[in-house]
Amino acid sequence: MPLSEALWSILTEAETTPITELFAQDPERVSRLASEVAGIRFDFSKTHLGRSVLDSAARLFAEGGLAEAQDQLFTGQIINRTEGRAAEHAAERGSGAPEAVHLAAERRHRMRSLIDAVEAGAFGDVTGILHIGIGGSALGPALLVDALGRREQRYNVGVLSNIDGQAFDAAVQDLDPGTTLVVLASKTFTTAETLRNAQAALAWLQEGGVEDPYGKLIAVTASPGNALEFGIDETRILPFSESVGGRYSLWSAIGFPAALALGFAAFEELLEGAAEMDRHFRHAEPAANVPFLAALSDLFYSQRLGCETRAVFAYDERLRLLPDYLQQLIMESNGKSVTVDGQPLGRPSSAIVWGGVGTDAQHAVFQLLHQGTRLVPVEFVAVAEGDDDQDPAHHRELLLNAFAQGAALMSGRASEDPARHYPGDRPSMTLLLEQLDPRTLGALLAFYEHRTFAEAVLLGINPFDQFGVELGKSIAHAIDDPDQLAGFDPSTRALVEKAGL
Ligand code: F6P
């Protein structure tokens, strides 16, 4: 029986014992379902995962399916079958086919040389970086710089993704064209938004008095030929591998603005943290393997209890971009309705991921989480050590709030007044980082990558393609042509006409 079928049987037959009862039945539940890996405490004990599901799923894991897929991932085999490619993001941090690991190291060296050149003044006085890219070519760098660059950032970094001119205006607001380097990050170097914004950046540099605007451009791409054609000198092109997917690419040269702004040593620490999680995912036994357990929980809620969504709340302002980053990672990877073999999936794929920042979210969306009719598994991501200049009471209360929400969701509180009754038995998991540094963030992001991969393997789908985004792109071109527009539906035609396009 295929792995996904076997897991489906386990999950659909699983008991749904209330979480508080699971605690009562098993005094060891916390030590069984909470563990420390790479500076992060992963606590899955406030979920409905019971002993029998855990044991059956662990047996399944041990019998081969997932382990085989892990081997394929870490040895550079063609696991992205629809595109005929390997998925070699882990090679960027040292785990993979030897030639891929070697090539990644060589390219990282090239990135380092360019950083050294910037620092040595080869580009004149540089005070700012305008990073232009979209999706995986922007979300990772934006998260890294926002999370880790609050204390000291050697350059002022603006990240621009949207084609909306408002976004351009906002991104360059604090940048001086005379002292800004423009990074064009695009795996394909064909993405409409990025190329439009690149042209706008060239005009911005020129209008700002820069004599050689092209000399201020740096390209990061897996298609160096397209960057050359765009007019970027070969010495300022940082290549990365075709087998590194966009949403898995922040470890490659796509991380260049972060490596420049935070320092190369910090970037290397980030990779080392991710490598530690790679080793854990590859070698830890199922019952203690955190990406596997999290994926199992995700599938339990989507397949057994029909949860359409799950929510992630960062209880740390420095991680405010994490939910955005995860939305692309998870939904672009696992939002599919066919299997690897092109058959209908026949069961729910990945849940919709949404979220926000605590404690703000408590005063906005938590009402529904506590008392709404829908069951939403919640994930809290918090950092034990604060790093702000305020009274430590702020950070203390922030953490107390995160933990209180998990406890409240699970325990509930009975009341004779229906409006004041909290049903409880609402699941959550908590990820508590010791501190937020490059190493721990690297481990956290690699955890999410492997959890997404494990979920895909357990579903039997390919997490590494994204054909679902192509149709809209081609229609955006087509409706710009009056002849083709005539063949579209009346609503679309009327909208184009009303907007005066
Ligand atoms: O449209 C989706 C997508 O292809 C993402 O997968 C990717 O991260 C993003 O666009 C940007 O693509 P590129 O890096 O090729 O510009």
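How many cavities of 30 Å³ or more turn up in a search of the whole structure? Five of them do. Keep in mind that this is a predicted model.

## Cavities

Let's start with the closed spaces. The largest cavity holds about 70 Å³ of space. It has 13 lining residues, and those closest to its centre are Asp 298, Pro 377, Val 378, Glu 379 and Met 429.

## The ligand's pocket

Now for the open side of things. The largest pocket is the space that the ligand takes up. Around the ligand sit 14 residues, with Ser 137, Ser 186, Thr 188, Thr 191 and Glu 332 the closest. As for chemistry, this shell splits into nine polar residues, three charged ones and two nonpolar ones.

## Polar contacts and burial

Three contacts to ligand oxygen atoms are worth a look. Thr 188 puts an N or O atom of its side chain 2.6 Å from an oxygen atom of the ligand. With Gly 136 the backbone does the job: one of its N or O atoms lies 2.8 Å from a ligand oxygen atom. Then there's Lys 473, where a polar side-chain atom is 3.0 Å from an oxygen atom of the ligand.

On its own, the ligand would expose 390 Å², and the protein buries 89% of that.

## Domain layout

Zooming out, the protein chain is divided into two domains: domain 1 covers 3–83 + 272–459, and domain 2 covers 470–498. Their C-alpha centres are 40 Å apart. Lys 473, with its polar side-chain atom 3.0 Å from a ligand oxygen atom, has a number that falls in the 470–498 range of domain 2.

Terms used: Residues are numbered from 1 along each chain as its sequence is written. This is a predicted model: local features need pLDDT of at least 70, side-chain atom pairs count only at pLDDT 80 or more; totals for chains, interfaces and linings use all residues. Side-chain values use heavy atoms; hydrogens and water are left out. Domain bounds come from an automatic or database domain assignment. A residue is near a molecule or strand if one of its heavy atoms lies within 4 Å of it. A polar contact is a pair of N or O atoms within 3.5 Å; within protein, one must be able to donate a hydrogen and the other to accept it, and residues adjacent in sequence count only if both atoms are side-chain atoms. Accessible areas come from the Shrake-Rupley method with a 1.4 Å probe; for residues, only the protein chains shown count as cover. On a 1 Å grid over the protein atoms alone, a cavity is a set of points where a 1.4 Å probe fits but cannot get out, and a pocket is an open set with protein on both sides within 12 Å along at least five of seven lines; lining residues have an atom within 4 Å of a point. A molecule sits in a cavity or pocket if more than half of its atoms lie within 2 Å of its grid points. Ala, Val, Leu, Ile, Met, Phe, Trp, Tyr, Cys and Pro count as nonpolar, Asp, Glu, Lys and Arg as charged, and the others, Gly among them, as polar. Grid points are joined across faces, edges and corners, and a volume is the space filled by probe spheres set on the points.
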